[in-house]
Amino acid sequence: MAWKQKRLGWVTIGVALGVTVAVLVTLGGPHQEQQPDPVSAGLPAPQRQPVVSGPVPEVPAPAEPRADWMRKLGPNEKPPQFVMFSFDGAASKEHWDRVLPITRQAKAHVTGLLSGVYMMSDDQGDDYTGPGHDRGFSSIGFGGTRQDITQRIEYLNDVIASGHEIGTHYNGHFCQGTEPSVGTWSTEQWNDEMDQFFSIVEKSRAKGFQLDPKNVRGGRTPCLEADWKAAFPAMKAHGLVYDTSHVSLGVTWPTVIDGVYEFPLPEVRVPALNRQAVMMDFNLWYALNGAKEEPEKAAEFTAVVVETYWSVYRAAFNGNRAPLTIGNHFNEWAGGAFSAAVEQFMGEVCVQKDTVCATYTEVIQWMQLQDPQILAQLRSFPAARN
Ligand SMILES: [Zn+2]
């Protein structure tokens with residue numbers, strides 16, 4: 001208890017947590033296997049596992065000058081509340097044109113998870129063969145005309161130059177039902193997909209794309225699907241250090257699974273519906289009306305989603321301060337309700353006190369500066385539930 005008060009006196013998430021922390025400290029830390037089951041004692045279960053397995057991957061130190069929050073925490077200091085916005089696909093000028101001014105105003109950095117096929121013009125589709133699929137086939141099509149590609153390189157270069165991160169959403173987006181879907185792929189098939197992603201990046205670089213492949217450090221799998229045991233070795237083999245496709249119950253600190261950082265998407269309560277949903281655009285849409293196009297309900301849906309974001313943010317901010325992962329596609333589903341919600345929330349939340357809207361790499365860089373014991377303690381806290 002003394003250690004907790006000395007190092008993490010800010011934790012005020014209730015008696016239950018205090019008891020959990022005290023138990024962990026008494027036993028010598030969260031890596032201890034034998035812990036009393038708090039559930040049987042009527043207490044919330046701590047976020048116990050997985051914590052860290054495999055070597056902790058490293059990213060380069062942050063560039064100078066550093067932001068004021070990019071430093072080691074002082075005694076009793078709370079972590080900043082990180083909010084990590086990410087956009088699957090990442091190839092929509094219309095959406096970047098709306099998002100970039102918000103990020104400038106709110107001093108936010110975001111992450112675009114690029115689908116490689118969007119960097120290929122339609123007439124080059126035959127250069128891609130999805131693992132197990134026909135040559136020239138992609139579930140999400142290709143990138144349009146050659147002029148579209150030229151324009152895409154230009155605006156993505158602006159995105160990169162503005163300090164945002166580009167990760168990967170892989171290529172052909174083969175979800176369950178389009179077999180062989182990514183959930184069935186072997187390591188060899190994932191390697192093939194990632195080889196093709198990086199070769200598309202190289203071809204785009206020859207046309208002026210400013211993305212350094214070394215800066216592609218992680219991704220999100222299509223529809224959050226994969227056999228992780230098969231996918232993670234391929235991610236590591238391609239230099240990826242994070243994945244952001246798992247789902248956690250509530251907001252939890254990122255863990256390291258088999259040597260890859262995992263930033264899960266939280267499953268949360270949607271207050272207006274009083275039901276649980278994974279906090280991602282499509283999942284929220286499905287929870288709202290079974291993912292039916294009802295553009296006339298756009299304003300209502302936006303309000304429900306923004307309220308959900310705030311409620312989850314407050315739970316994390318007043319709780320474990322775990323980074324909040326907000327995943328979205330660049331889409332106009334339900335009359336653009338979900339894009340409007342994420343844009344509104346970004347503008348509002350990123351300017352809040354003690355709140356930093358950062359990229360995945362920035363949050364990893366911040367974690368690298370912290371005392372490992374503090375990180376272990378943070379990971380042992382119960383998930384923030386709204
Ligand atoms: Zn997707």
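Against which elements do the buried residues of α6 pack? In this predicted model, the buried residues of helix α6 (residues 228-237) are Ala230, Ala231, Phe232, Ala234 and Met235. These buried residues pack against helix α5 (187-206) and against the strands β5 (242-243), β7 (255-257) and β8 (260-262). An α-helix has 3.6 residues a turn, so residues three or four places apart point the same way. After α6 comes Gly239, which has a positive phi, near 80°.

The pairing of α5 with α6 can be described in geometric terms. The two axes come within 8 Å and cross at roughly 40°. An angle between 35 and 65 degrees falls outside the roughly parallel and roughly perpendicular ranges, and α5 and α6 are therefore oblique to each other. The crossing in which α5 passes α6 is right-handed. On the α5 side, the contact involves Thr187, Trp190, Asn191 and Met194. On the α6 side, Lys229, Ala230, Ala231, Pro233, Ala234, Met235 and Ala237 take part. By class, the residues of this contact divide into 8 nonpolar, 2 polar and 1 charged. Ala230, Ala231, Ala234 and Met235 of α6 appear both in this contact and among the buried residues of the helix.

A second helix pair is formed by α3 (residues 93-106) and α4 (residues 146-161), whose axes come within 11 Å and cross at roughly 20°. Angles under 35 degrees count as roughly parallel, and α3 and α4 are therefore roughly parallel to each other. Their crossing is left-handed. Helix α3 contributes Lys93, Trp96 and Leu100 to the contact, and helix α4 contributes Gln151, Tyr155, Leu156 and Val159. The contact of α3 with α4 comprises 5 nonpolar, 1 polar and 1 charged residues.

The model also contains a zinc ion, for which the protein donors are the NE2 atoms of His169, His173 and His329. These donors lie 2.0 to 2.4 Å from the ion. Along the chain, the donors follow the spacing H-x3-H-x155-H. The pair His169 and His329 links distant parts of the chain, the two residues being 160 residues apart. His169 is placed in the loop between β3 and α5, whereas His329 is in strand β11 (residues 324-329). Both His169 and His329 are buried.

The loop between β3 (165-168) and α5 also holds Ser181. Ser181 has a relative accessible area of 3% and is buried, the limit for a buried residue being under 20%. Apart from residues up to four places away in sequence, Ser181 touches Phe174, Cys175, Gln176 and Glu225.

Trp253 is located in the loop between β6 (247-249) and β7. With a relative accessibility of 3%, Trp253 counts as buried. Residues up to four places away in sequence being left out, the contacts of Trp253 are with Pro79, Asn320, Arg321, Ala322, Pro323, Trp366, Met367, Leu378 and Arg379. The C-alpha atom of Trp253 is separated by 8.4 Å from that of Phe381, a residue 128 residues apart from Trp253 along the chain.

Note on methods
Residues are numbered from 1 along each chain as its sequence is written. This is a predicted model: local features need pLDDT of at least 70, side-chain atom pairs count only at pLDDT 80 or more; totals for chains, interfaces and linings use all residues. Side-chain values use heavy atoms; hydrogens and water are left out. Axes are lines fitted to C-alpha atoms, for helices over the stretch in contact, and angles run from 0 to 180 degrees between N-to-C directions. Helices (H or I, at least four residues) and strands (E, at least two) are DSSP runs, numbered from the N terminus. Angles under 35 degrees count as roughly parallel, over 145 as roughly antiparallel, 65 to 115 as roughly perpendicular and the rest as oblique. A crossing is left-handed if the near helix is turned anticlockwise from the far one by less than a right angle, and right-handed if clockwise. Contact means heavy atoms within 4.5 Å. Ala, Val, Leu, Ile, Met, Phe, Trp, Tyr, Cys and Pro count as nonpolar, Asp, Glu, Lys and Arg as charged, and the others, Gly among them, as polar. Buried means under 20% relative accessible area, exposed over 50%, partly exposed in between (1.4 Å probe, protein chains only). Donors are N, O and S atoms within 2.8 Å of the metal (3.2 Å for Na, K and Ca); water is not among the atoms, so sites may look incomplete.
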